[in-house]
Amino acid sequence: MSEIQGKNIVLAITGGIAAYKTPELVRRLKDQGANIRVVMTEGAKAFITPLTLQAVSANPVSDSLLDPAAELAMGHIELAKWADMILVAPASADAIARISNGLANDLLTTICLASEAPLVLAPAMNQQMWRALATQENIERLQKRGVTIWGPGAGEQACGDVGPGRMLEVVELVELSVGFFQQSGIRALAGQKWVITAGPTREAIDPVRYISNHSSGKMGYAIAQAAARAGADVTIISGPVNLTTPTNCERIDVSSARDMHKHALSLASQADIFIACAAVADYRVAEVAEHKIKKTDDNDEMRIELVKNPDIVADVSKLNDKPFTVGFAAETQDVEKYALGKLTRKNLDLIAANNVATEGQGFNSDNNALTVYSKDDKYPLPLTSKSELASQLVNIIGQQFTKRQ
Ligand code: PMT
């Protein structure tokens, strides 16, 4: 169970175009099990309505310090005490300046002053406003007081400028919030270095074609995310995928199996734990054509000669200073038999087997089911989201690794 489950978050929305993202932020935080109460400034209401936020949070929205009805329901001091975290998102330059100066001239600033809960700001403003000395001094002052600042991101802005000042994406804010509560809970893997391969490899045929598979990288990235949340120092060696790098993870992008092999072998000997979740091509094209292979009228067949790729996880487990090594087995039949064969043949500490022929799990799905085998034990992990499954798997790996120490 994630540490954010059951936590009370006051989401304070201030006036900025990024306010339009906050209903989604509320929904995603609620998906993680958090309770959300929304506070809005007058400026925020110019961008998004209280009714929308009330509907998605399933709680009344507070927008005034001096509203007798609201004070009767949950007064501002009660709200300040209720919070396990106050997240100001988007945090405008004006809100940052007022909080940094300790003002208490509206509901937002009063709650910030009246609460002992950790305060987190997700700034969003024009890039020049963000760079302005006044804003930077306010941020520095807040950080010295222990206020956490998430972002801002950089890129194209609503006003047409390009630069720093974009509110972090909803998925990043949710990830940071989950990690925030995790940090205040158990950081079971702190100090451990985890290296995880994820996604497919691509084996070139010619400059425009390649051999690959259906791996999306979701399983490997979910494991990386769960390990990083639990405090591990995580590096993902990633084949070509369409995913955002999980918060606090390093990522090395590779394409072919040999490319992945090179990086894995160079990182594995400094790692505590190595997890091979990538769907690596067992074979590559013997001779990659220098130019695009042309179709000819006189030939209805074409043969491509393949040669074996190095086995990454097997080579990692041959290292003198071998990390705790976990493989995967993607099978379509006789899952247990083949998985146990790979466990022994590749000299693995654990293997996580999945049946990739079953609909609704495995390759490119959001869900999966695994059975984890060690030499002596078996742990069935039934069908669930890859994110939940990854947390369960990371727990098992963490416990088995500690047992071996
Ligand atoms: O990426 P997703 O869409 O989320 O899908 C997840 C997944 C199905 C890809 C994942 O759960 C999974 O099963 N990954 C392993 C895929 C695979 O290649 O399995 P395998 O049984 O062919 O290989 C056995 C093990 O050897 C694996 O750990 C594999 O990473 C490793 N291997 C294989 C070949 C090779 N040349 N080098 C390797 O390291």
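## Ligand shell and backbone oddities

Around the ligand, the shell residues split into 14 nonpolar, eight polar and seven charged. Keep in mind that this is a predicted model. The ligand itself occupies the second largest pocket, and 29 residues surround it. Below is a quick tour of that site, followed by a few single residues and some backbone geometry worth a look.

**The ligand and its contacts**

- Of the 29 residues around the ligand, the closest are Ser215, Ser216, Lys342, Asn354 and Asn364.
- Asn354 makes a side-chain contact: one of its side-chain N or O atoms is 2.6 Å from an oxygen atom of the ligand.
- Met219 joins in through its backbone, with a polar backbone atom 2.8 Å from a ligand oxygen.
- Ile312 also uses a polar backbone atom, this time 3.0 Å from a nitrogen atom of the ligand.
- On its own the ligand has 770 Å² of accessible area, and the protein covers 96% of that.

**Who builds the shell**

- Three elements give two or more residues to the shell: helix H10 (218-229), helix H12 (312-316) and strand S16 (324-331).
- Strand S16 is the top contributor, handing over five residues.
- By residue class, the shell has 14 nonpolar members, next to eight polar and seven charged ones.

**Glu331 and Lys342**

- Glu331 belongs to strand S16, the element that gives the most to the ligand shell.
- Is Glu331 buried or exposed? Its relative accessibility is 8%, so it counts as buried, the cut-off being under 20%.
- The side chain of Glu331 has a polar contact of 2.6 Å with the side chain of Lys342, and Lys342 is itself one of the closest residues to the ligand.

**Asn242, out in a loop**

- Asn242 sits in the loop that links strand S11 (233-238) to strand S12 (249-253).
- With a relative accessible area of 78%, Asn242 is exposed, because that value is over the 50% cut-off.
- Asn242 and Gly199 are 43 residues apart along the chain, and their C-alpha atoms are separated by 9.5 Å.

**Cis peptide bonds**

- Most peptide bonds are trans, so the next two deserve a glance when you set up the model.
- Ala89 and Pro90 are joined by a cis peptide bond with omega at about -5°; Pro90 lies in strand S3 (residues 85-91).
- Gly151 and Pro152 are joined by a cis peptide bond too, with omega at about 0°; Pro152 is in the loop between strand S5 (148-149) and strand S6 (153-156).

**Positive phi without glycine**

- Most residues other than glycine have a negative phi.
- Asn347 goes the other way, with a positive phi of about 55°. Its home is the loop between helix H13 (335-345) and strand S17 (350-355), and its relative accessible area of 44% makes it partly exposed.
- Asn364 also has a positive phi of about 55° and is not a glycine. This residue is in the loop between S17 and strand S18 (367-373).
- How does Asn364 count in terms of relative accessibility? Asn364 is partly exposed, at 47%, and it is also among the closest residues to the ligand.

Key. Residues are numbered from 1 along each chain as its sequence is written. This is a predicted model: local features need pLDDT of at least 70, side-chain atom pairs count only at pLDDT 80 or more; totals for chains, interfaces and linings use all residues. Side-chain values use heavy atoms; hydrogens and water are left out. A residue is near a molecule or strand if one of its heavy atoms lies within 4 Å of it. A polar contact is a pair of N or O atoms within 3.5 Å; within protein, one must be able to donate a hydrogen and the other to accept it, and residues adjacent in sequence count only if both atoms are side-chain atoms. Accessible areas come from the Shrake-Rupley method with a 1.4 Å probe; for residues, only the protein chains shown count as cover. On a 1 Å grid over the protein atoms alone, a cavity is a set of points where a 1.4 Å probe fits but cannot get out, and a pocket is an open set with protein on both sides within 12 Å along at least five of seven lines; lining residues have an atom within 4 Å of a point. A molecule sits in a cavity or pocket if more than half of its atoms lie within 2 Å of its grid points. Helices (H or I, at least four residues) and strands (E, at least two) are DSSP runs, numbered from the N terminus. Ala, Val, Leu, Ile, Met, Phe, Trp, Tyr, Cys and Pro count as nonpolar, Asp, Glu, Lys and Arg as charged, and the others, Gly among them, as polar. Buried means under 20% relative accessible area, exposed over 50%, partly exposed in between (1.4 Å probe, protein chains only).
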